[in-house]
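Open the model in your viewer and keep the selection tool ready. We will go stop by stop.

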Amino acid sequence: MRRTVRGIPAVHGIPAPHPGRRSRAALGTLTAAGTLLALLLPTGQAGAAPRPGHHSATAQTTLGAFWTADRMRAAAPLDLATPTKRSAPAAVPRSAPLKVAPTLPGLPKAGPLLPGSLPQAGGPWTGGGAVVKTTGRVFFTYQGRNASCSGDAVTSGNKSTVITAGHCVKLQGAWHTNWVFVPGYHDGQAPYGKWPAAKTLATPQWTASEEINYDVGAAVVAPLDGKKLTDVVGGQGLSFNSGYNKAMYAFGFPAAAPYDGSKLIYCSGNTIKDPLFSNDHGLSCNMTGGSSGGPWFTSFDEKTGTGLQTSVNSFGYQFLPNTMFGPYFGDDAKNLYDKAQTS
């Protein structure tokens, strides 16, 4: 399939890398699984989405009502365009490795994994555990159309931080609106609620020029029914500056064929460093548009479904099928996390 950043076909809807995969076809840079704009359906407007660094006054009930089961099912997956040349980003200091432990209010019972199922190039997650609650779909309006990505609730000082891809909060110079996080999403259902973003952010490099090596975004979600996000679903841990060539698990909700966004999909295996046009991690994975922003974990425990997030699904090359790429979590990603958790 044509891949693009995972989210909208090719920018998760944009051609090229898939959430990992993107391509710049539709709308100039978007395509299917990469053809986001072309595939997105026009919709009515709800409350305005939050702006970066700006707290939104949008009523939770407004966005909760706007994102009906049918509207969530119909949201087009958003993907990034595939990079075509190696960029030369400004050097960002990489400090000593830093790990943040998971915080879990209660673990769902873990289910059985088939013996010999790892590594996995793409398939439904049947293991249960915390990951089925902390990982969710992200829905938003992009250039007047409804789209989707994936995201993950993480340990944070404000108990309200979601990590996703940069293009899942801002793309082609515009910040997305009507942004909500739906943890534990399943076929139109929101078992743990729909959490509207009060604030969305991205790394400085993504915010300024949408630099592919820094495709990391975050959202601070508002309390829901008087409760904070990680008090309800828990929060995964994080790992920054942890190096390359690691055993990792990637999760997401791909919505472009052959997937439909109805269930949590995962890939696992040993990563490589992108030898082509980015400084990203690479992983054998067939997830498609809509998976963009889904978490990559090191030190993942299959029994509990917990790990340390160290990347997100970002893009894929059209000429290199079944391989996903995700940004390196260095000091830039750590600074974004710190800014989000203290907002």
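Which residues do ring pairs link into a cluster? Select Trp 125, Tyr 249, Phe 251, Tyr 266, Phe 297 and Phe 300: ring pairs join these residues into a cluster. Bear in mind that this is a predicted model. The count of aromatic pairs in it comes to 21.

**Stop 1: the cores**

Keep Trp 125 and Tyr 266 selected and add Trp 67 and Phe 139. These four are among the 18 residues of a second, separate nonpolar core. Now move to the largest nonpolar core, which has 43 residues. Select Phe 140, Ile 163, Trp 179, Phe 181 and Leu 229; these touch the most other members. As background, nonpolar side chains tend to be buried together in soluble globular proteins.

**Stop 2: an open sheet**

Select residues 272-273, which are β17, and 323-326, which are β21. Add residues 281-284, strand β18. The three strands make an open sheet in the order β17-β18-β21, with antiparallel pairing. β17 and β21 are the edge strands, and each pairs on one side only. Look between β18 and β21: four bridges join them. Pick Leu 283 to see one partnership; its bridge partner in β21 is Met 324.

**Stop 3: rings beside the sheet strands in sequence**

Select Phe 277, in the loop between β17 and β18. Then select Tyr 317, in the loop between β20 (306-312) and β21. The two residues are 40 apart along the chain, and their C-alpha atoms are separated by 9.7 Å. How are the two rings arranged? Their centres lie 6.0 Å apart and their planes meet at 70 degrees, so Phe 277 and Tyr 317 form an edge-to-face pair. This pair links distant parts of the chain.

Is Tyr 317 buried or exposed? Tyr 317 is buried, at 0% relative accessible area. Phe 277 is partly exposed, at 23%.

Add Phe 315. Its ring centre is 5.1 Å from that of Tyr 317, with the planes at 85 degrees, so this pair is edge-to-face too. Phe 315 is buried, as is Tyr 317.

**Stop 4: salt bridges**

The structure holds five salt bridges. Start with helix α3, residues 69-74. Select Asp 70 and Arg 73, which sit three residues apart in α3, about one turn of the helix. They form a salt bridge, with the closest N and O atoms 3.0 Å apart. Asp 70 is exposed, with a relative accessible area of 57%. Arg 73 is partly exposed, at 39%.

Now add Asp 187. Its side chain meets that of Arg 73 in a salt bridge, 3.3 Å from N to O. Asp 187 lies in the loop between β11 (177-183) and β12 (195-202), and Arg 73 in helix α3, so the pair ties together parts 114 residues apart in sequence. Asp 187 is partly exposed, at 37%.

Jump to helix α7, residues 331-341, and select Lys 334 and Asp 338. They are four residues apart, about one helical turn. Their side chains meet in a salt bridge of 2.8 Å, N to O. Lys 334 is partly exposed at 24% relative accessibility, and Asp 338 is partly exposed at 25%. Back at the earlier site, shared partners join Asp 70, Arg 73 and Asp 187 into one network.

**Stop 5: charges over rings**

Select Arg 71 and Phe 66. Arg 71 lies over the face of Phe 66, 4.2 Å from the ring centre. Finish with Arg 137, which lies over the face of Tyr 185 at 4.9 Å from the ring centre.

Definitions and conventions: Residues are numbered from 1 along each chain as its sequence is written. This is a predicted model: local features need pLDDT of at least 70, side-chain atom pairs count only at pLDDT 80 or more; totals for chains, interfaces and linings use all residues. Side-chain values use heavy atoms; hydrogens and water are left out. Two strands pair if DSSP finds at least two bridges between them. Helices (H or I, at least four residues) and strands (E, at least two) are DSSP runs, numbered from the N terminus. Buried means under 20% relative accessible area, exposed over 50%, partly exposed in between (1.4 Å probe, protein chains only). A salt bridge is a side-chain nitrogen of Lys or Arg within 4 Å of a carboxyl oxygen of Asp or Glu. A nonpolar core is a set of buried Ala, Val, Leu, Ile, Met, Phe, Trp, Tyr and Cys residues joined through side-chain atoms within 4.5 Å. Rings of Phe, Tyr and Trp (its six-membered ring) pair if their centres lie within 6.5 Å; planes under 30 degrees apart count as stacked, over 60 as edge-to-face and the rest as tilted. A charge sits over a ring if NZ of Lys or CZ of Arg is within 6 Å of the ring centre and within 35 degrees of the ring normal.
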